[in-house]
Each structure stands twice: as C-alpha cells, then as structure tokens.
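Colleague: I'm still new to reading protein structures. Could you pick one part, look at it closely with me, and then show me what surrounds it in the rest of the structure?

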Amino acid sequence: MTAENIIEVENLTKIYGQFYANDHLNFSVKKGEIFGFLGANGAGKTTAIRILCGLSKPSGGKITVAGFNVYNQTEQIKRNIGYMSQKFSLYDDLTVKENIEFYGGIYGLNNKTLRQKTSDLLQKLDLTDKQNFLIKDIPLGWKQRLAFSIAIIHDPQIVFLDEPTGGVDPITRRHFWDLIYEAAFSGITIFVTTHYMDEAEYCDRVSIMVDGKIIALDSPDNLKNTYQVDTMNEVFLKLARQKIN
Amino acid sequence: MRVILHLLKKEFRQIFRNRIMIPIIFVMPIMQMLVLVYAATFEMKNIDFGVMDADKSITTNEFVQKLSASPFFNLKATSNNLDEANENLLNDKVDLILVFPENFEKNLVRDNKAEMQILINAINGTVAGISQAYLGEIIAEYNKQIIAEFYKTNVGVGQNIRIQAQFWYNPELNYKVYMVPGILVVLVTVIGMFLSGLNLVREKEMGTIEQINVTPIRKYQFIVGKLLPFLFIGLFDLAFGLVIAKIIFDIPMVGSMLTLFIMAFVFLLVVLGAGLLVSTFTETQQQLMFVGYFVMIIFILMSGIFTPVESMPIWAQKFNLINPMYYFIAALRMILLKGSTLADLQYYFYSLLVFAIVMIWLAVWKYKKVN
C-alpha cells in the first residue's frame, strides 16, 4: 500500500445468490486523480461504487477508502467522501438555496461557513438570481451541476459520481466536466462511472468492467495504443466484443 | 442537535409546501367529526311497521295507535293476510310486522293472556335488536295499562319491582359522546402512521434517501428529525379535534387535558413507530398505503372504537391485549367522561409505553443505512 493511494481495493466481491455482481475486483486510486470507472449497463459499476461509499456491504475482499475499511468504519468514510448518484438526489420541492443549506447543515457546517459557502456556490454556478426557484423548475443540466457542487460542499477527500451526466447533451456534459476539473485541481479525488466514452477521454486513468470483472485498467492514451485504435469508444467496443467471443 | 434542527427545518418546509397537507391537517378532522358522527349513528329513528290484524278488536286497534304515536314507529301498511304482510317485509316496504291472531282480545279477557307475533327484518342486526327492545318496552307498558283498566287498580303484577335505570358518565345515552373520542383516535392514528410512513417512503421513491445515507448523519438524528414533525402535527390535530368536539357536540371533558395529552403523546410514539416500521419494508407509497390500511382497519374494528369490546368473543378480547388503539380509546373515554387521572390509568399508560418502546426499537432496528 502506497501512501498516495486513497482507495485500495483487493478482491472486492459482491454476490447476489449465484450471481457475481462484482467478481474479485483489484484496483487502486491515487490521491487527486480523476479515475474513470467504465462499463456497460449492468456491468456492476453501481454495485461497486455503493460498496466504496459504505451504502452496501461487500461479500468479500479488502477495501479501504481514505484509509478506513468499508466493513466497520463506514461512518468515518462518509465524513470524507461526497456522493452523487444517477438517481436524482436533490429535493424537488425545496429551492436551490434550501437544498444547499440543508445538505451543508447535515454535514455539520456552522452557520457562518454555510452562509459563505452558499453565496460562493450560487455565484459560481450563476444561480444567484434563481436561488429561490424550486428544483423541479430548473433544467436538468443545472440540477446536475448543483448536485455535484452540493456533493463537495463539505470539502471531502474523494467524490464518487455515479453516471452524473445521464440524459443531457454533450455541451452540458462539457460544462459539467469543467466543474469536475476544478474540483480535481483543488485536490479532490474524483471517482466517476459513466458509459459515455467521450467522458472517458477526460479521465487520468480508466478501468473497464465487463460482466462484473475489470478487464482493462490504464490511462486512456495507453489503452488506445495497446488496442491500436483512435478513440476510447473503439477500445470499449473491442473489449466488449472480445469478451463475447 | 444542529443536524436535527436542519432536518426539522427541511421537513416543515416540505410539509407546508405540499398543497395537500394543509387540507389534511385542518379539513380532515372537521370532515371526520361531522360526517362520521352525524351519519354513522346507531340511533334508531323511523322504523316503518305493518300490521296484520286478524282480530280487528278495540284492544289491537288501541295498541297499533299507541305504537304509531311513538316517534320511532310509523304505520306503513295494514294487511288482511299473512302473505301480503310478508310481501311488504320482503320488499322493504316495512321493517317489522305485528301479527295479531284471531280472538286476541277474547283470549286476553278470558284467559288473562294472549299471544301475538312480531316479524322483524334483521338484515341489520343492530337495528333489529334495538327495535325489538323498544317494542318490548311499549308492549310491557301497554300490558300494565290493560291490567290497570281491567282490575281497576294501579297495583299490577309487573309493578311490584320497578326498574329505574341511571346511566352514569353518559346520562342521556348520547351516542355522540361515545363516538367522538373514537373519531379522535382514528384521526391521530392516520396522521401518525400514514403521514410519517408516506413521508419516509417518498424519500425512498425519489432516491434522496441514498443521498442522506451517504452523509455522516446518525440514525437516531434522522429518525427524530422525521418523526418529530408528525408528533407535533398529531398533537395539534388532537387539540383541534377536541375544540370541535366541545363546540359542536358539547362532549363532556371532565378529566385533565394534561393527562389526555400525556396519553396521546405516548400513543403517537406507538403509531409513529408503526409508520416508520412499515416504511422500512415497503418501497412505494402505494405499498405502504395497502399495508397500513390493512393493519389499521383490523386494529380499529377490534379496538372498541365503534363496538364494545365486552361483547366481542373471548379470542377478540385477547387480541386487544396487543392492540394499542384499544388502550388509547379506553383511556381517552375514561379521561373525557369519567375524569380519570393518570394514577387511575396506570395500566393503560404503561401498556402504551411498552408498545411505544417495542415499536420504535423494532423500527430503528429494521431501518438500515447499509444493505
């Protein structure tokens, strides 16, 4: 275990009955990197990310997140991570500002910090004049950017993003990734699952998962060289096809 | 503590922003009281009766007139034969039939006794029972009158022992006095169990529960933050309901309101715990409604809110040992009508307390942040 690894996973396994949702996964994530966790729908990405966040118990394996193990130190883990899921996590019937205050509040920020963070965040997202809009009345792209910003409101060491950009156009996705870069630049480790291969290009390293197993793990450039193709999309198709044959 | 305050702030914002909540909190108590108390009544009025009089004597005629004069009985049909009379009963034209056989008066004068028949439609058993009791009273009264006339004396056979009933705690046998506390219990149960349960399941449906579960928030903080608002609303609605009960129905309130609210507080803990428990094993609001409704109907019907527990079969009475509503409705009636104190109600108080502890413990144990 090297000091700079913030997530260490050895033989992570999750079994539902006879079905291996995660089959002996091995990987580590370095502090400060953007780690892409790729795979087709149903490959087991969400299962793994829920285990890393302490939402679900693994069937086996040695897993530490931010130095804490996922079996009995989940409360410490939760203090050090942020999480944004594909299923939408803001309250529809609260306003932009109320959502920020609520999540900041339950992460234990004091009133002064909370006020400061709220106004900074509204300004950064250009939402100051829309702070009293209900979440259900603002566009999806904005909601995603707001949800991400709220997921890191308590300055976690790592943020887990589970298909954060589902359902929006490439330009909106690009805007979202600007926020990710900014967070990464400030030192937050990004762990992101996606099935958009253009997003994979933005990652420092990616792992590709098929049927519960990790079958490739490297930087996007190395992967493209190894498989002698021009895009991550082709890498993915090649690997997925190879698996079927 | 601050975390709980943030949760409470959020819950109250959501509750009062929900357009359906305000009507539920304010209109439901009024509707339940007015509709249920006025409509769901056991009081008997307007019993239509028919007569098949084969005797056609002064005595029978007098008796029929006496019956028609009572506010409860209306003479609807006079028939000349039994078939015709039965026809009326079958067609719902009348609720009961008096049958006087031939020689009714003659037998009465000669033998000092005569027989008559009463046919009652007992599809509604309660109404039939009460009709029979009323009729019995009127017949007995008439009996005395005849005896007095025939023997020219007031000392009849039936007058040696005179029964004079005095009904304690509800001297006028006012049906509403019995009914209103029951409605209040239903109200508090619905608020406590459904609103809290639905609120929790809604977080599951929207997916926000995941986001909450990934924060360092403690289980007890979340649960307190979720249940407290409905505890307030439940107690508020009870107070609101009591005010309506006093103003509109003039329900006696002999006992201390503090005692009443202490009991209500413990009972609300039980139903809030139940709501939370049901929400842990249901995934959608529909599922919760079905499960909750099923449980609640059984508990309501068994509890003695609408029918006296004492007349239930033994197994049903035993069942009520595990029915929190039974304890609360009994305590509520005792406080309101008899003025029972907390000392009198120890048994009910501790029973409810045990339910509250067990229910909340079960719910908290079932509610998991991890799966």
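Modeller: Contact means that heavy atoms come within 4.5 Å of each other. With that, start at B:Val188: leaving out neighbours within four places in sequence, this residue is in contact with B:Gly234, B:Leu238, B:Phe267, B:Leu268 and B:Val271. Before going on, keep in mind that this is a predicted model: local features need pLDDT of at least 70, side-chain atom pairs count only at pLDDT 80 or more, and totals for chains, interfaces and linings use all residues. Residues are numbered from 1 along each chain as its sequence is written, chains are lettered from A and ligands numbered from 1 in written order, and side-chain values use heavy atoms, without hydrogens and water.

Back to our residue. B:Val188 sits in helix α7 (residues 175–206) of chain B; helices (H or I, at least four residues) and strands (E, at least two) are DSSP runs numbered from the N terminus. Its relative accessibility is 2%, so B:Val188 counts as buried (buried is under 20% relative accessible area, exposed over 50%, partly exposed in between, with a 1.4 Å probe and protein chains only). The chain also comes back to this spot: B:Asp237 is 49 residues away along the chain, yet its C-alpha atom is 7.2 Å from that of B:Val188.

Aromatic rings give another view of chain B. Over all chains, the structure holds 32 aromatic pairs (rings of Phe, Tyr and Trp, the last by its six-membered ring, with centres within 6.5 Å; planes under 30 degrees apart are stacked, over 60 edge-to-face, the rest tilted). Take B:Phe222 and B:Tyr367: their ring centres are 5.6 Å apart and their planes at 20 degrees, so this pair is stacked. B:Phe222 belongs to helix α9 (residues 219–249) of chain B and B:Tyr367 to the segment after α14 (346–366) of that chain, so the pair ties together parts 145 residues apart in sequence. Both B:Phe222 and B:Tyr367 are buried. For B:Tyr347 and B:Tyr348, the centres are 5.2 Å apart and the planes at 70 degrees, so that pair is edge-to-face. These two have their own stories at the surface: B:Tyr347 is partly exposed, at 45% relative accessible area, whereas B:Tyr348 is buried at 15%.

A ring can also have a charge over it (NZ of Lys or CZ of Arg within 6 Å of the ring centre and within 35 degrees of the ring normal). The charged end of B:Arg333 does this with B:Tyr178, 3.9 Å from the ring centre. In chain A, A:Arg174 lies over the face of A:Tyr202, 4.6 Å from the ring centre.

Now for the strands of chain B. Four of them form an open sheet in the order β2-β1-β3-β4, with mixed pairing (two strands pair if DSSP finds at least two bridges between them). β2 (73–79) and β4 (117–120) of chain B are at the edges with a single partner each, so one side of each has no neighbour in the sheet. Strand β1 (residues 47–53) of chain B runs parallel to β2(B), and 6 bridges join them. Within that pairing, B:Val51 is opposite B:Thr78.

Chain A shows the other sense. Its β1 (residues 5–16) and β2 (residues 19–30) pair antiparallel over 8 bridges, with A:Ile15 opposite A:Tyr20. The hairpin they make has 2 residues between the strands, and A:Gly17 takes a positive phi near 65 degrees there. Most residues other than glycine have a negative phi. A:His24, in strand β2 of chain A, nevertheless has phi near 50 degrees, and this residue is partly exposed at 44% relative accessible area. A:Glu163 also has a positive phi, near 45 degrees; it lies in the loop between β7 (158–162) and α6 (170–185) of chain A, and is buried at 15%.

Still in chain A, ring pairs link A:Phe27, A:Phe35, A:Phe37, A:Phe160 and A:Phe191 into a cluster. Last stop, the cysteines: the structure has 0 disulfides over all chains (a disulfide needs two cysteine sulfur atoms within 2.5 Å). For A:Cys53, the nearest cysteine sulfur is that of A:Cys203, 16 Å away, too far for a bond. A:Cys53 is buried at 0% relative accessibility, and A:Cys203 is buried at 5%.
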